[in-house]
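Visitor: I would like to learn how to read the features of a model such as this one. Could you take me through them in turn?

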There are 2 protein chains.
Amino acid sequence: MAEKKKLVSEITSMDVDFAQWYTDIVKKAEMADYSSVKGCIIMRPYAQALWENIQHTLDGMFKETGHENVAMPIFIPESLLQKEADHVEGFAPECAWVTHGGNDKLEERLCVRPTSETLFCEHYAKIVRSWRDLPKLYNQWCSVVRWEKTTRPFLRSREFWWQEGHTVHATAEEAMEETLRMLNIYAKFFEEWLAIPVVKGEKTEKERFAGAENTYTIEAMMHDCKALQSGTSHYFGDGFARAFGMQYTDKNNTLQYMYQTSWGVSTRIIGAIIMTHGDNEGLVLPPRIAPTQLVVIPVAAHKEGVKEKATELYEQVKAAGIRAKIDLSDNTPGWKFAEYEMKGIPLRLEVGPRDIAEGQCVLVRRDTREKTVVKFEDLEKTIPALLEDIQKSLYEKALANREAHTYTAKSLDEMKSILAEHTGFIKSMWCGDLACEEKIKEETGMPSRCMPFEQEHIADTCPVCGKPANKMVVWGIAY
Amino acid sequence: MAEKKKLVSEITSMDVDFAQWYTDIVKKAEMADYSSVKGCIIMRPYAQALWENIQHTLDGMFKETGHENVAMPIFIPESLLQKEADHVEGFAPECAWVTHGGNDKLEERLCVRPTSETLFCEHYAKIVRSWRDLPKLYNQWCSVVRWEKTTRPFLRSREFWWQEGHTVHATAEEAMEETLRMLNIYAKFFEEWLAIPVVKGEKTEKERFAGAENTYTIEAMMHDCKALQSGTSHYFGDGFARAFGMQYTDKNNTLQYMYQTSWGVSTRIIGAIIMTHGDNEGLVLPPRIAPTQLVVIPVAAHKEGVKEKATELYEQVKAAGIRAKIDLSDNTPGWKFAEYEMKGIPLRLEVGPRDIAEGQCVLVRRDTREKTVVKFEDLEKTIPALLEDIQKSLYEKALANREAHTYTAKSLDEMKSILAEHTGFIKSMWCGDLACEEKIKEETGMPSRCMPFEQEHIADTCPVCGKPANKMVVWGIAY
């Protein structure tokens, strides 16, 4: 087991330095690499395979609910970005600007899209004429660029990959319904596919997307008890429609403005998976989304018939619809165990000469290390059951972590004393006043995460100003 | 049928003006729209759905042959682009340059990737250490930017979507094998999936990719008998490896340079489909790649039971694995017929009250307009057979067009006299001298398309200089 020790020893323990633990996993599990472009990452094959599973699943959910994919240009002319005042104020400071095409200076600067509301607005203004053309439910998968100062792989980088849905509707009600429908799809995807529990809620005005009337969010808690904003869905009302002249004729032949939404999740999801489920041996991937669900490793592979039997079991498992791989390389079993633990593969199937003699093999869970001896003929039944159990355990463990680190407070002092000893979510009432929100952030370092849909009555008054308060807010330090 | 006339009349006949016919189809079939960014298009849902089918099919072929997807940064620092002399000379004149991030001027300009050889080289130099790490077979799906002066949707635009494969190998032989393997995959995909026959061959030195030792190509002939370079595969030898210091230790513990390939196809494929199969009523899509293979249209839909039966048949057909849709809108059947002909849907299923009484419906082929009356219970058998037949017919028709417009010439004068009356491919011998190639281009307007793998002996001498020539070249005016 010398090799195992060597490999694992290169990961910093998460209790010693969580940030370094994260960076070590990203590197050692071969998820991402740095490029010579500062702040931009290379998404390596293993992360890309995970992202493709995420894309495939979400894309199916989008299409089932009537959405169509499009591809918008990568550039936005400066004048187009400027059409909606709040929006340009929010994004212009972090745009990458193209000023030259070949040897010629451009007449107008183009920004590399940080988000594509303005492009969709322009397109919708052109293609929607009457109520018959509505709704338009478009989405695109692409990368976007935001010139961030401080970057971390998957969590915050100058380029990141995402999907951005942009829809227009005849009425405010329909647009609001869409905004919440997509938030619910995100929540379902996080909880059922990624095994990550989320708090659904609305952002305060201060934390809204630039140009939105309402922003809804799903917030997850990481291992270190910090929050990760994991997906957002925005309701724009007719604000952009007015700025971009997006009108249609209704059934009474009257010109009306369209109502609009946008919603997105990004490769941050990969960061969320790492920081929710990972441990000191590496990644732990939820079986439903893992590129490889099971790896077959022959033990004493030089002995007669071992490689052959391992291959046979691999074929048997694959034929049962399990995403499997086999490692027949010359590396030692110990090295392989460590390698696939690092990669977070949910199940390992070990088979050696004695197992073969007894018609059985050993399944080892990545999450608990629990071993199950299984007869060859039971593999098709046992593996899916184990994978489902791992999926469920991961969710429960993450939920337990969140519940153990969610606190309630009735005063600012109480907040501070909780934070003196713990990191986590703090629930409190809030009067709705920006000044009180800013004061909490200033004194505790915690921005508001959201006003959860599931409200609780914690107190009668705002913890800052003491005035009557009927909104519960979740606060937390965030990535 | 008044509506049909109106819709179709908006398409220019391809015999009157082929370029305008193309533009009309792109617009009327809702494939693409222009954006406010000059030279960049919006890929609308119908084209995007077609592109997703293309991606899905090709991606499967790539993965079956051991390739993995990655995502490289969107930007290339100017100094990195400059590392390989031929490459920078080829691409720098058409780069879009980012000079500012937010309000700050960048220390070094970044170009928006026109192609990613340099990024892959830098990454491979870093991650490949020993012969055990080879080969690396990476691909990415992304968009790239080239600052073209004249643009046309799908054929040449400033941003286009593509895949770029980049591989590194231990030996020259393996790299050359990969180069040709991928060319063959492209050819198979074009012929079997897109029903487009291609000429496979090698580019002359003049037409090579910037920095390549050999470039291989598939060339297709469009309706108007012009050529479309449809996919290329490049062998780099160790040229980039030397420029980028890409070395590995071989089995004898000696440092060696890697050998490299790259290969790509783009959304040009959509242009190829339009210009190979389309007609004066609109698009004609090959069934294997069409987003929708069959559309169900009820006739006299207001009559009792018609919509219900149409819906039932639609469900029946979908359950049989056909990609189907149904149009239950209030538009007239005539309008719908024209609409789905414009969209190139391979089969139309019409069903009216009299059909229902007789337990049958009518299938109409998009390509030949041929009608087949089918009993409801035979649909599962008849539709796949018809789709296969359409696929085959489209290929044969395209092949016949190419064969009818491929000529041979023994002299420059003969070339000119053919071109005086015809457009098409001209096959001739060539001595291998750049001057003769340039003379042919200058005097006839035809660049060389390729030196086909299937060589013929047309003459003993070069048509220009009269010296001995043993290479056959195909020449043609190209998009």
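Visitor: Which helices and strands of chain B each supply at least two residues of the lining of the second largest pocket?

Guide: A pocket is an open set of points on a 1 Å grid over the protein atoms alone, with protein on both sides within 12 Å along at least five of seven lines, whereas a cavity is a set where a 1.4 Å probe fits but cannot get out, and in both cases lining residues have an atom within 4 Å of a point. Helices (H or I, at least four residues) and strands (E, at least two) are DSSP runs, numbered from the N terminus. In this predicted model, the elements of chain B in question are α5 (85–91), β8 (159–169), β11 (227–237) and β14 (259–266). The second largest pocket holds about 1,300 Å³ of space, and of its 43 lining residues the closest to the centre are B:F91, B:R146, B:R156, B:F209 and B:Q229.

Visitor: How should I read the make-up of that lining, and where does the pocket lie with respect to the domains?

Guide: A volume is the space filled by probe spheres set on the points, which are joined across faces, edges and corners. For the classes, Ala, Val, Leu, Ile, Met, Phe, Trp, Tyr, Cys and Pro count as nonpolar, Asp, Glu, Lys and Arg as charged, and the others, Gly among them, as polar. The lining of the second largest pocket has 16 charged, 14 polar and 13 nonpolar residues. Domain bounds come from an automatic or database domain assignment; because domain 1 (31–277) and domain 3 (406–475) of chain B both give residues to the lining, the second largest pocket lies between them.

Visitor: What lines the largest cavity?

Guide: The structure holds five cavities of 30 Å³ or more, and the largest cavity has a volume of about 60 Å³. Among its lining residues are B:F337, B:Y340, B:E341, B:L347 and B:R365. The helix α11(B) gives the most to this lining, with three residues, while seven residues of the lining are nonpolar, four are charged and none is polar.

Visitor: How is chain B related to chain A?

Guide: Copies are superposed by least squares on the C-alpha atoms of residues with pLDDT of at least 70 in both. Here chain B can be laid on chain A with an RMSD of 0.0 Å by a turn of 180° and a shift of 0.0 Å along the axis, which is the relation of a two-fold axis. In chain B, the C-alpha nearest the axis belongs to B:V98, at 2.1 Å from it. With contact taken as heavy atoms within 4.5 Å, 100% of the contact residues of chain B recur in chain A, and the same surface serves both copies.

Visitor: Which backbone features deserve a look in chain A?

Guide: Most residues other than glycine have a negative phi, and most peptide bonds are trans. In chain A, a cis peptide bond with omega of about -5° joins A:L134 and A:P135, and A:P135 sits in the loop between α6 (117–127) and β7 (136–145). A:F154, although not a glycine, has a positive phi of about 70°, and this residue is found in the loop between β7 and β8 (159–169) of chain A.

Visitor: Is A:F154 buried or exposed?

Guide: Buried means under 20% relative accessible area, exposed over 50%, and partly exposed in between (1.4 Å probe, protein chains only). A:F154 is buried, with a relative accessible area of 3%.

Visitor: What conventions should I keep in mind?

Guide: Residues are numbered from 1 along each chain as its sequence is written, and chains are lettered from A and ligands numbered from 1 in the order in which they are written. In this predicted model local features need pLDDT of at least 70, side-chain atom pairs count only at pLDDT 80 or more, and totals for chains, interfaces and linings use all residues, while side-chain values use heavy atoms, with hydrogens and water left out.
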